[in-house]
Amino acid sequence: SLVQNTRSACAVADKDSTIITGGWTTLSGWKGRKEGGYITKVVARYNLQGHVENLPEMTQGRTEHGCGSYYSGGTMVVVVAGGRFDAYNPVSSTEQLTMGGTAWTKAKSLPRALMNMATVSMNNQIYILGGWDADYNDRAEIMAFDGEDWKEVGQL
């Protein structure tokens, strides 16, 4: 089962497990909030046998964010981008965790704050599709992250 009740998290699929990043926690309600209010920094990997492995916490709690993965030197790198760190403030920040590492590191930020976007990982890149900007305007960009930078590659 999940380490905590979570919603609006983002999941990254691995070969035989799923990595759940961030989201809103409903375990403690409004009490015992972590930095960023009720948004969690917790990251955990769940496999098909029911084993739960806690991974290093993100540097910033986030919800309604995008996530994905790419491989660098044969090692999976998990990326989270955008979302919100509290009830009102969307962010543009990006951070990444090299699997087996002990800490998340900052990566190139999105060109603007985005939340509620769709994400997909393919061809060793992470794609963000649409979402809402800081003024809750619908966005139509498709952006790709290659491990170094975000680039607009199309429109919805």
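**Strands, surface and one buried aspartate**

This is a predicted model. The protein chain has an accessible surface of about 8000 Å², with 49% of that belonging to carbon and sulfur atoms.

Q: How many helices and strands does the protein chain have?
A: From the N terminus on, every element in the run is a β element. The count is zero helices and 14 strands.

Q: What share of the 156 residues in the protein chain is buried?
A: Buried means under 20% relative accessible area. By that cut-off, the buried share of the 156 residues is 45%.

Q: Which strands are the edge strands of the open sheet 11-12-13-14?
A: Four strands form this open sheet, and the pairing is antiparallel. An edge strand here pairs on one side only. The edges are strand 11 (118–122) and strand 14 (150–155).

Q: Which residue of strand 12 is the bridge partner of Val 120?
A: Strands 11 and 12 pair in the antiparallel sense, over five bridges. In strand 12, the partner of Val 120 is Tyr 127.

Q: Why does Asp 133 count as buried or exposed?
A: Asp 133 sits in the loop between strand 12 (125–129) and strand 13 (141–145). Leaving aside neighbours within four places in sequence, its contacts include Arg 112, Leu 114 and Arg 139. The cut-off for buried is under 20%. Asp 133 is buried because its relative accessible area is 8%.

Q: Which backbone nitrogen does the side chain of Asp 133 reach?
A: Asp 133 lies in the loop between strands 12 and 13. Its side chain reaches a backbone nitrogen at 2.9 Å. That nitrogen belongs to Asp 135.

Conventions:
Residues are numbered from 1 along each chain as its sequence is written. This is a predicted model: local features need pLDDT of at least 70, side-chain atom pairs count only at pLDDT 80 or more; totals for chains, interfaces and linings use all residues. Side-chain values use heavy atoms; hydrogens and water are left out. Helices (H or I, at least four residues) and strands (E, at least two) are DSSP runs, numbered from the N terminus. Buried means under 20% relative accessible area, exposed over 50%, partly exposed in between (1.4 Å probe, protein chains only). Accessible areas come from the Shrake-Rupley method with a 1.4 Å probe; for residues, only the protein chains shown count as cover. A polar contact is a pair of N or O atoms within 3.5 Å; within protein, one must be able to donate a hydrogen and the other to accept it, and residues adjacent in sequence count only if both atoms are side-chain atoms. Contact means heavy atoms within 4.5 Å. Two strands pair if DSSP finds at least two bridges between them.
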